[in-house]
Amino acid sequence: MIILPKVRGFICTTAHPSGCFENVLQQINYVKAQQGLSGSGRVLVVGASTGYGLASRISAAFGCQASTIGVSFEKAAKGKRTASAGWYNTAAFEQQAHKDGLYAKSLNGDAFSSEIKQQVIDLIKADWGQVDMVIYSLASPRRTDPTSGETYSSVLKPIGESYHNKTIDPFTSVVSEVTIDSATEQEVADTVTVMGGEDWQMWIDALRDNDLLADGFKTTAYSYIGPGLTHPIYKDGAIGMAKRHVQQTADNLNMQLSDINGSAYCAVNKAVVTQSSAAIPVVPLYIAILFKVMHELELHEDCIEQMYRLFQDYLCVATPSLDDERRIRLDDKEMQEDVQRGVEVSWQEVSSSNIESLANLEEYKDKFLQLFGFGLASVDYTVEVDPAVSIPSIPDEA
Ligand code: NAD
């Protein structure tokens with residue numbers, strides 16, 4: 001069938017298999033063009049199908065020749081409904097990894113559940129014996145607690161007082177003002193339950209209880225800080241509390257892993273267009289301005305450049321350089337003074353009438369559509385494609 005984008009608010013409900021394949025291939029080619037890395041043998045990526053998790057898996061596999069297991073929660077195609085982008089990405093990743101003789105298996109299901117953890121444990125026992133690294137890159141709006149069965153939802157809200165700022169609808173180019181009410185105490189607590197470090201800790205505990213952590217084991221989860229203008233909704237908001245919990249978890253895990261010479265890190269990444277960041281009010285406008293400023297200063301980076309740098313400069317070295325709160329700072333270029341000064345000036349002035357000159361809105365839209373495999377120059381979208389694509393290591397549903 002012919003597959004076209006169907007954008008609804010901040011999501012696209014269709015995805016293109018050939019476009020997603022091309023996206024993955026471009027990231028693989030980027031990594032292959034860099035210097036080869038050493039030292040991360042068997043890598044489990046939780047949240048491996050899109051965004052930072054996918055880029056991490058690609059960097060580990062094609063940069064370090066690592067064997068990878070990827071866990072994600074994606075949808076296969078059904079009838080005329082396309083699969084989700086992450087499904088196609090995973091299929092493309094596995095095909096390319098296998099072509100290069102790399103071990104790559106994937107599990108599709110709820111990473112918060114005990115069942116998926118058990119399946120991964122069984123797979124590691126059967127195929128690897130132990131694991132050298134776990135990258136934890138989940139972004140989810142809800143989480144069902146595996147013990148109580150209760151489902152919690154996260155919110156993107158400020159704490160204490162409401163937040164008022166500019167925002168954009170990228171597909172109408174209209175810059176408007178938005179006011180977001182503050183989160184209740186319960187909403188903050190629930191956001192920490194969903195996006196904090198509890199599940200990360202549960203993964204590491206489950207692997208450790210089964211004696212699956214190799215000597216020198218490393219684990220990393222991702223965070224974001226961003227500029228003052230987004231602090232009320234991000235760093236100091238409900239999601240920021242969850243990220244503080246991720247950082248505390250990194251510190252706790254780091255101590256707990258000392259007996260196996262292990263380490264745990266929280267990496268602060270830069271703002272990029274992903275399915276998750278598109279859902280945060282204000283942030284897409286900030287990213288569109290950031291694109292322009294960082295391109296002008298020749299500092300632009302996307303997920304793959306960031307994740308390659310994570311492996312090259314931090315995970316593949318014995319003693320990585322951390323900030324004074326023991327964090328990996330991949331947002332160093334985003335937070336540079338000249339970048340933030342440039343963003344701040346444009347932010348004050350930006351409106352619907354000057355958006356095209358102050359921000360790279362077209363680039364934002366292109367990147368957003370590319371997440372779903374659309375708008376790639378090398379793909380002919382007038383050609384019929386079969387939406388049903390198999391992931392080599394996942395049995396087709398009957
Ligand atoms: P994303 O939406 O692109 O990816 C989320 C991944 O999680 C996907 O692989 C998805 O399948 C998986 N997932 C979601 N729920 C799941 C579940 N229940 N079980 C199994 N898998 C599940 O998100 P992203 O933007 O790459 O975010 C990844 C991490 O990076 C998050 O911690 C996020 O806060 C952080 N981060 C993102 C940005 C940004 O600008 N996007 C910046 C800094 C840090």
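This is a walk through a predicted model, from the ligand outward to the cores, a covered helix and a few individual residues.

Let us begin at the ligand. The shell around the ligand is made of 29 residues, and the ones that come nearest are Ser-49, Glu-74, Ala-111, Thr-274 and Ser-276. Sorted by class, this shell holds twelve nonpolar, 13 polar and four charged residues. Two elements to look for here are helix H2, residues 51-64, and strand S11, residues 213-223: each of them supplies at least two residues of the shell.

Now zoom in on the oxygen atoms of the ligand. The side chain of Ser-49 places an N or O atom 2.6 Å from a ligand oxygen. Lys-243 has a polar side-chain atom 2.8 Å from an oxygen atom of the ligand. With Val-272 the backbone takes part, since one of its polar backbone atoms is 2.9 Å from a ligand oxygen. On its own the ligand has 840 Å² of accessible area, and the protein covers 93% of that.

From Ser-49 we can step to Asn-89. This residue sits in helix H3, which runs over residues 85-99. Is Asn-89 buried or exposed? Asn-89 counts as buried because its relative accessible area is 5%, and the cut-off for buried is under 20%. Leaving out residues up to four places away in sequence, Asn-89 touches Cys-20, Val-24, Ser-49, Thr-50 and Leu-54.

Next, look at the nonpolar cores. The largest one has 59 residues, and within it Tyr-286 and Phe-368 have the most contacts. Helix H8, residues 283-296, gives this core its largest share, ten residues. If you select Phe-368 and set aside its neighbours within four places in sequence, you will find it in contact with Val-7, Phe-10, Ile-11, Cys-12, Phe-171, Val-273 and Ala-278. Another core, of 37 residues, lies apart from the largest one; Val-24, Val-31, Ala-104 and Phe-311 are among its members. You have already met Val-24, as a residue that Asn-89 touches.

Phe-311 leads us to helix H9, residues 303-315. This helix is mostly covered, with ten of its 13 residues buried. The buried residues of H9 include Gln-306, Met-307, Arg-309 and Phe-311. What do they pack against? Their partners are helix H1 (17-33), H2, strand S6 (131-136), S11, S12 and strand S13 (328-329).

Two of those buried H9 residues bring us to Asn-269, which is found in the loop between S12 and H8. Asn-269 is buried, as its relative accessible area is 1%. Beyond four places in sequence, Asn-269 touches a number of residues, including Tyr-52, Tyr-222, Gln-306, Met-307, Leu-330 and Glu-334.

The loop between strand S12 (263-268) and H8 also holds Val-282. Most residues other than glycine have a negative phi. Val-282, however, has a positive phi of about 75° although it is not a glycine. Asp-211 is another non-glycine residue with a positive phi, near 60°, and its place is the loop between helix H6 (198-209) and S11.

How do these two residues stand with respect to the surface: buried or exposed? Val-282 is buried because its relative accessible area is 0%. Asp-211 counts as exposed because its relative accessibility is 57%, and the cut-off for exposed is over 50%.

Key. Residues are numbered from 1 along each chain as its sequence is written. This is a predicted model: local features need pLDDT of at least 70, side-chain atom pairs count only at pLDDT 80 or more; totals for chains, interfaces and linings use all residues. Side-chain values use heavy atoms; hydrogens and water are left out. A residue is near a molecule or strand if one of its heavy atoms lies within 4 Å of it. A polar contact is a pair of N or O atoms within 3.5 Å; within protein, one must be able to donate a hydrogen and the other to accept it, and residues adjacent in sequence count only if both atoms are side-chain atoms. Accessible areas come from the Shrake-Rupley method with a 1.4 Å probe; for residues, only the protein chains shown count as cover. Helices (H or I, at least four residues) and strands (E, at least two) are DSSP runs, numbered from the N terminus. Ala, Val, Leu, Ile, Met, Phe, Trp, Tyr, Cys and Pro count as nonpolar, Asp, Glu, Lys and Arg as charged, and the others, Gly among them, as polar. Buried means under 20% relative accessible area, exposed over 50%, partly exposed in between (1.4 Å probe, protein chains only). Contact means heavy atoms within 4.5 Å. A nonpolar core is a set of buried Ala, Val, Leu, Ile, Met, Phe, Trp, Tyr and Cys residues joined through side-chain atoms within 4.5 Å.
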